[in-house]
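I sat down with this model today to look up some sheets, some charged pairs and one loop residue. Here are my notes, in the order I took them.

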Amino acid sequence: MLFRKILIANRGEIALRVLRACKDLGIKTVTVYSTADAYSKHVLLSDESVCIGPPASKNSYLNMQSIVSAAVITGVDAIHPGIGFLSENVDFVNIVKEHGLQFIGPSAHDMELMGDKARAKETVKTFGIPVVPGSDGEVKSVEEGVKIASEIGFPVLIKSVGGGGGKGIQVAHNEQEFRELFSIAKTEAGNAFGNDALYVEKFLKNPRHIEVQVLADGYGNVVHLGERDCSIQRRRQKVFEETRCPILTDAQREELYSVVTNAIKKIGYLGVGTLEFLYEDGKFYFIEMNTRLQIEHTISEEITGIDLVKEQILVASGEKLSFTQDQIKFDGHVIECRINAENPETFIPSPGLIQNYHQPGGIGVRVDANVYSGYRIPPYYDSLIAKLIVKGKDRKECLMRTSRALSEFLIEGIDTLIPFHQKLIERPEIQNADYNINTLDKIIASEKNN
């Protein structure tokens, strides 16, 4: 039975995105907010809202007790975790269930199985999916890590078991660097995710980052919504994504889709998820699964015409998928530019008052944003404030339309990455789709040296 009322345990543009999906389904909404977010758009537009604490995330958006209390007090049926914060926290899933509420996401078992990066790699290997060489699970000590790194060969990545978003990752080129960076990665992972466990994997030199969006119901039905190329990253953080990947052949795509959907079926997974791969020299290597929505889910929605958040809510409420894989059609090309409140050259965060705000429009242009003229961006959270999503009949038209949309996008009073994206979209590496996960860092470094 469809949920009657949902609490959205998040903030910013993703909270607004979930709120809109709920309203499209006729579901009442409850939002939570810190004192810093009292005038955020998702709070102003929800049916009910509850303040859950002061600005610091640990006292508000990571405060399980406050969030569940708000859910119980307002009489909701379910909690949608959004992206980040508690969206992949197994303890939170269990607490929600203990209070008789539905968590809109995978089960605690599947989250433990696939949300833990090291365990997920071991799981997919049993389904014949290749993985990047590395440790078998968590590395308990720096000495154990050094031994594994020496066996697979430097350089290696030191990564957070439970993390994401580029946090808790360090690259070690030799044993000395490994010893120095291990504790740094451990501290960063603990601060970001409340879990300081690390694992080690081989560092591929110039791969692309390609991910597959999946959706599964509770009746054994699994579909994919194609792949996304998320290789344009600054320090492991995505800033620009597109679908479909401009260098893959249809045969490569179909092979990738087949192994991914087969794995999801065998796991018995429920809801939305994304399997991420590194792609180099014609080979795919699984790196992790995100057991939640992705920021870039928008481009998969635009190329297929499917509302992923709406479908996520429906399958969580016990509905069957209303379409089959054969009914999903991929139309055109889509690009997303992440608009952060950051200086476009130094990338230093730029919180503050938005004096004037004007979104671009026209055919094929979508903006997911939670800000407006007169809104003050707080300094306490991630700097993402808007996502520009542009669709064209092919990649050439999409690039030109993206350039046009960026020129129309006006945000005054703070620094943003709009000028950065205007320059990026004209780069030959982007125009020719000749890039990998290291390309953007190299571009930024070369511009600093000139």
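**Entry 1: a lysine and its partner.** I am working from a predicted model. I began at Lys-23, which is partly exposed with a relative accessible area of 40%. Its side chain meets that of Asp-47 in a salt bridge, at 3.8 Å from N to O. I then checked where the two sit: Lys-23 belongs to helix α1 (residues 12–24), while Asp-47 is in the loop between α2 (41–45) and β3 (48–53), so the pair ties together parts 24 residues apart in sequence. Asp-47 has 38% relative accessibility, so I noted it as partly exposed too.

**Entry 2: a pair far apart in sequence.** Next I looked up Glu-88 and found a salt bridge to Arg-292, with the closest N and O atoms 3.0 Å apart. Glu-88 is in the loop between β4 (78–80) and α4 (90–98), and Arg-292 is in the loop between β13 (283–290) and α10 (297–304), so this pair ties together parts that are 204 residues apart in sequence. Are the two partners buried or partly exposed? Glu-88 is partly exposed at 24% relative accessibility. Arg-292 has a relative accessible area of 12%, and since buried means under 20%, I wrote Arg-292 down as buried.

**Entry 3: the serine next door.** I stayed in the loop between β4 and α4 to look at Ser-87. Ser-87 counts as buried, with 2% relative accessibility. What does Ser-87 touch, leaving aside residues up to four places away in sequence? My list reads Pro-81, Gly-82, Phe-103, Met-111, Thr-291 and Arg-292. I was pleased to meet Arg-292 again here, having just noted it as the salt-bridge partner of Glu-88.

**Entry 4: the parallel sheet.** I traced β4 into an open sheet of five strands, ordered β3-β2-β1-β4-β5, with parallel pairing. The edges are β3 and β5 (102–103); each has a single partner strand, so one side of each is left without a neighbour in the sheet. I zoomed in on β4 and β5, which run parallel and are joined by two bridges. One detail for the margin: the bridge partner of Ala-78 in β5 is Gln-102.

**Entry 5: the antiparallel sheet.** I then turned to an open sheet of three strands, in the order β7-β6-β8, where the pairing is antiparallel. Its edge strands are β7 (169–172) and β8 (198–202), each pairing on one side only. From one strand to the next, the twist averages 25°. Between β6 (residues 156–160) and β7 I found four bridges in the antiparallel sense. Val-156 has Ala-172 as its bridge partner in β7.

**Entry 6: back to the charges.** How many salt bridges does the count come to? I have 36 in the book. I picked out Arg-401 and Glu-397, whose side chains meet at 3.8 Å, N to O. Both lie in helix α12 (residues 395–408), four residues apart, about one turn of the helix. Arg-401 and Glu-397 are both buried.

**Entry 7: a network to finish.** Which residues are linked in a network of salt bridges? I wrote down Glu-211, Arg-228, Lys-238, Glu-241, Glu-276, Glu-296 and Arg-338. As a reminder to myself, side chains of opposite charge can pair when their charged atoms come close.

Conventions. Residues numbered from 1 in each chain as written. Predicted model: local features only at pLDDT ≥ 70, side-chain atom pairs only at ≥ 80, totals over all residues. Heavy atoms only, no water. Pairing = 2+ DSSP bridges. Axes fitted to C-alpha atoms, helices over the stretch in contact; angles between N-to-C directions. Salt bridge = Lys/Arg side-chain N within 4 Å of Asp/Glu carboxyl O. Buried < 20%, exposed > 50% of the residue type's maximum accessible area, 1.4 Å probe, protein only. Contact = heavy atoms within 4.5 Å.
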